[in-house]
Amino acid sequence: MRVLLVEDDESLANGILTALRSESYTIDPVNDGRSALHAVSSEHFDLVILDLGLPKLDGLSVLRAMRDRSLRTPVLILTARDGIKDRIAGLDAGADDYLIKPFDTDELKARLRALLRRSAGRAAPIIEMRDVTLNPGNQQVTYQGQMISLSRNEYLLLHELLSQPDRVLTRDQLEQCLYGWADDVDSNTLEVHIHHLRKKLYPQLIRTLRGVGYMIESRP
Ligand code: CA
């Protein structure tokens, strides 16, 4: 699950990063509205945590611009402001939920899980392909009806490949889905995860296109 965190308060942002990285989230932080809009317009995120009071472009404008461009990524707004006005404006502009600062990180995690469940139910049906099924709702994977236990990274890679069958995904695209924008990624880890996936499922499932990337074909 890839999350964009838009928060200009550094200590709050760091607190959220620490809390969410211990769960199965890949989380990328930005600290102003313009960068946030650029990020959601150019890359895929499963969820956005959006502060309302932001430099350059405020959170409400970011949200309105997203919805105007038909970007339907679930958005949880954060607000420190008193009064119900901002919350109503946010929900009217297309936010899916809100939290008032200060909040408990356990509550944040629970809200995110609920949002992801809702969007999974709405947008992501169970994928069935070549004897493999993947259920985004509970993150369960089976092969020929048998439950397969995958690590977080293996699951994310399989999900990315199965969601876009017959399409070659480059190393960069796949690494981004695992690590976000982190640039200290060991260059061999992707191969290692693919190797494990082939062992746990079956070797022919994932095709290597040398020098380009990987793909899953919808038919053998
Ligand atoms: Ca702020």
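Which strand is aspartate 28 found in? Hi everyone, let me start there. Aspartate 28 is found in strand 2, and please keep in mind throughout that we are looking at a predicted model. With a relative accessible area of 4%, aspartate 28 is buried, because buried means under 20%. Setting aside residues up to four places away in sequence, aspartate 28 touches Arg2, Val3, Leu4 and Leu5, along with Phe45, Gly180 and Trp181.

Now step along to proline 29, which also has its place in strand 2, residues 26–30. Proline 29 is partly exposed, at a relative accessible area of 38%. If we leave aside its neighbours within four places in sequence, its contacts are Leu5, Leu17 and Trp181. There is a nice pairing with leucine 4 as well: the two residues are 25 apart in sequence, yet their C-alpha atoms are 6.0 Å apart in space.

Let's go on to the metal site. Which protein atoms serve as donors to the calcium ion? They come from Asp8 (OD), Asp51 (OD) and Gly53 (O), and they lie 2.2 to 2.3 Å from the ion. Written as a sequence pattern, the donor residues are spaced D-x42-D-x1-G.

I'd like to stay with aspartate 51 for a moment. This residue lies in strand 3, and that strand covers residues 47–51. Is aspartate 51 buried or exposed? Its relative accessibility is 3%, so aspartate 51 counts as buried. Glycine 53, by contrast, counts as partly exposed at 32%. The side chain of aspartate 51 also joins that of lysine 101 through a polar contact of 3.0 Å. Not counting neighbours within four places in sequence, aspartate 51 is in contact with Val6, Glu7, Asp8, Gly59, Leu78 and Lys101.

Gly59 takes us to helix 3, residues 59–68, where it is one of the buried residues. The others listed as buried there are Leu60, Val62, Leu63, Ala65 and Met66. What do these buried residues pack against? Their partners are helix 2 (33–42), strand 3, strand 4 (75–79) and helix 4 (85–92). As a reminder about the spacing, an α-helix has 3.6 residues a turn, so residues three or four places apart point the same way.

Both ends of helix 3 have something to show. At its start, a side-chain oxygen of aspartate 58 comes to within 3.0 Å of the backbone nitrogen of leucine 60. After the helix comes serine 70, with a positive phi near 60°.

Within helix 3, let me single out methionine 66. At 1% relative accessibility, methionine 66 counts as buried. Beyond residues up to four places away in sequence, methionine 66 touches Leu37, Val40, Val48, Leu71, Thr73 and Val75. Glutamine 140 sits 74 residues from methionine 66 in sequence and 31 Å from it in space, C-alpha to C-alpha.

Next, a pair of helices. How are helix 6 and helix 8 arranged? Helix 6, residues 152–163, packs with helix 8, residues 189–200, at an angle of about 80°, and their axes are 10 Å apart. That angle makes helix 6 roughly perpendicular to helix 8. The helix 6 side of the contact has Asn153, Glu154, Leu157, Leu158 and Leu161. Across from them, helix 8 brings Leu190, His193, Ile194, His196, Leu197 and Lys200. By type, the contact residues divide into six nonpolar, three polar and two charged.

Last stop, the backbone, for those of you who like to check torsions. Most residues other than glycine have a negative phi, and most peptide bonds are trans. Where is there a cis peptide bond? The bond from lysine 101 to proline 102 is cis, with omega near -5°. Proline 102 sits in the loop between strand 5 (97–100) and helix 5 (105–123).

Then there is glutamine 144, whose phi is positive, near 45°. Glutamine 144 is in the loop between strand 8 (140–143) and strand 9 (146–148), and at 53% relative accessibility it counts as exposed. Aspartate 166 has a positive phi too, about 65°. The loop between helix 6 and strand 10 (169–170) is where aspartate 166 is found, and it is partly exposed, with a relative accessible area of 43%.

That's my tour, thanks for listening!

Methods:
Residues numbered from 1 in each chain as written. Predicted model: local features only at pLDDT ≥ 70, side-chain atom pairs only at ≥ 80, totals over all residues. Heavy atoms only, no water. Buried < 20%, exposed > 50% of the residue type's maximum accessible area, 1.4 Å probe, protein only. Helix = DSSP H or I, 4+ residues; strand = E, 2+ residues; numbered from the N terminus. Contact = heavy atoms within 4.5 Å. Polar contact = N/O pair within 3.5 Å; in protein donor to acceptor, adjacent residues only side chain to side chain. Axes fitted to C-alpha atoms, helices over the stretch in contact; angles between N-to-C directions. Parallel < 35°, antiparallel > 145°, perpendicular 65-115°, else oblique. Nonpolar A, V, L, I, M, F, W, Y, C, P; charged D, E, K, R; others polar. Donors = N, O, S within 2.8 Å, 3.2 Å for Na, K, Ca; no water.
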